[in-house]
Amino acid sequence: PNATCGGGGLPCLAPALFGGADPKGVAQFLSPAIVTPPEGANLSPSSASPSSASPPPFLHHSELPPSCELLLPSPVDPAGLPPLGAPPPFSSAAMRAAAAKLPQAVPEEEALGAALAAAIYSCRLAPPAPPPPPGARSAADALAAGAADAAMCEVLAACDGLSASNEMRQSAHTPLWCVKALLDTPPQLGMFELLATAASRGDGGQRRVGGREFGELLHMWQSLKLASLFAPDGAWCGVGGAARRTPGYLPDFILELAGTRCERPTLLRLREQLQLLQRDGPPISGEALGALPSLPPHLRGTMIACLHVLCRIEGAIAPLSDKASLRSFLEEHALLDALDAEWYVDAGEGKEKGCKGRELRPQYEQAVNRPKPKKKGKKAE
């Protein structure tokens, strides 16, 4: 189609580009909702022309709030394709805003996959809109998370049609998974309140963060795999300097991608949290966890992540590389006995037993790490 959105933007995602078949001969196409115009659209040549005096309202993408721009559901005829000149349900402005945050240093395959994620997330995706769960940030953020979930399915179809490499698939799927994770409600545990209180001890007792915000910071740290973006000495090295980074984990791009749909206050809060977590911090060794003999084995990874977050809230950079240094740190923050009492039903009375033979509180019976995205490799021949 020659029509453009808002006078100069990209017209649509070309459905033919994502055509083709998988190794079993099954046709792969994007869902009709992405390539079919909204019901009731004026499809006359004059209305599709960029020079039209009164273009259809849905062409004014820049005038619509990101949270409602693309999520208005419309009935779709699965057999229909948009006529030539039809204004498609796609926001080039949203795609460009997200793609502009792609780092220059990423490999070509990763950049292409991330751009594909931005393109599909910028289409009209009309997922079911259930009421937001208790504690969710807002209905608009819940819709944005649902759109990310729907976009992940479309990305798989697009990658099959393109015969994409595994790196490109992962780079397209992971940012959308992270968007959904960041817009979901993280779990809230009592240990987060203890750690948030501990972060205030060195600041004259002034409250820096609450338990809920500490949980959100931990949630972001784990969801974006931020630990892989720091040098061994705890200094921030970013996407370009990270040797252990997994394709698709691009923090600034992911936040901008979420910002094309979520509410503005949510995006600003995510940016503030990421800025805090990008501070330099100390190297923390797993061997140091011997200072917590009652730490359940399945919570070791979570505890290390909590320590990273706590140190960045405080601005602490002293290494926690051995048992003695971590024990001193925990004693200084009054956390040794408090964490034991929080984890176990006996409220710390059996702390001399370590973790053996003691009953954990139900909320700590499983690891509280964020679930990992499934690997999206090529289908078997």
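A residue counts as partly exposed when its relative accessible area lies between the 20% under which residues are buried and the 50% over which they are exposed. His298 falls in this class, with a relative accessible area of 29%. The model that shows this is predicted.

The overall fold comes first. The chain holds 14 helices and zero strands. From the N terminus on, its elements therefore read as an unbroken run of α. Of the 381 residues, 47% count as buried. The chain exposes about 17600 Å², and carbon and sulfur atoms supply 55% of that area. Among contacts between residues at least 6 apart in sequence, 73% join residues at least 24 apart.

His298 sits in the loop between helix H11 (264-277) and H12. Its partners lie further along the sequence. Leaving aside residues up to four places away, His298 touches Leu360, Tyr364, Glu365, Gln366 and Ala367. Tyr364 is 66 residues from His298 along the chain, yet their C-alpha atoms are separated by 9.1 Å. The side chain of His298 reaches the backbone oxygen of Tyr364 at 2.7 Å. A polar atom of the same side chain lies 3.4 Å from the backbone oxygen of Glu365.

Glu110 offers a second local picture. This residue is found in helix H4 (residues 108-121). Is Glu110 buried or exposed? Its relative accessibility is 2%, so Glu110 counts as buried. The side chains of Glu110 and Arg245 are joined by a polar contact of 2.6 Å. Arg245 is one of several residues that Glu110 touches, not counting those up to four places away in sequence. The others are Glu167, Ser171, Thr246, Pro247, Gly248, Tyr249 and Leu250.

Helix H13 (residues 323-332) has a buried side. Leu326, Phe329 and Leu330 are buried there. Seen down the axis of H13, these buried residues fall within an arc of 95 degrees, so they line one face of the helix. The general geometry of helices bears on this spacing. An α-helix has 3.6 residues a turn, so residues three or four places apart point the same way. The cover over the buried residues of H13 includes helix H12 (300-314) and helix H14 (336-343). The face turned away from the buried side carries the exposed residues Ala324 and Glu332. Just after H13, Ala334 takes a positive phi of about 55 degrees.

Helix H8 takes part in two crossings. The axes of helix H7 (residues 190-198) and helix H8 (residues 211-223) come within 8 Å and cross at roughly 100 degrees. The two helices are therefore roughly perpendicular to each other. In H7, the residues that meet H8 are Phe192, Glu193, Leu195 and Ala196. In H8, their counterparts are Gly211, Phe214, Gly215 and Leu218.

The other crossing involves H11. The axes of H8 and H11 come within 10 Å and cross at roughly 75 degrees. That angle makes H8 roughly perpendicular to H11. On H8, the contact is made by Glu213, Glu216, Leu217, Met220 and Trp221. On H11, Arg269, Leu270, Gln273, Leu274, Leu276 and Leu277 take part.

Technical notes:
Residues are numbered from 1 along each chain as its sequence is written. This is a predicted model: local features need pLDDT of at least 70, side-chain atom pairs count only at pLDDT 80 or more; totals for chains, interfaces and linings use all residues. Side-chain values use heavy atoms; hydrogens and water are left out. Helices (H or I, at least four residues) and strands (E, at least two) are DSSP runs, numbered from the N terminus. Buried means under 20% relative accessible area, exposed over 50%, partly exposed in between (1.4 Å probe, protein chains only). Contact means heavy atoms within 4.5 Å. Accessible areas come from the Shrake-Rupley method with a 1.4 Å probe; for residues, only the protein chains shown count as cover. A polar contact is a pair of N or O atoms within 3.5 Å; within protein, one must be able to donate a hydrogen and the other to accept it, and residues adjacent in sequence count only if both atoms are side-chain atoms. The arc is that of the directions from the helix axis to the C-beta atoms. Axes are lines fitted to C-alpha atoms, for helices over the stretch in contact, and angles run from 0 to 180 degrees between N-to-C directions. Angles under 35 degrees count as roughly parallel, over 145 as roughly antiparallel, 65 to 115 as roughly perpendicular and the rest as oblique.
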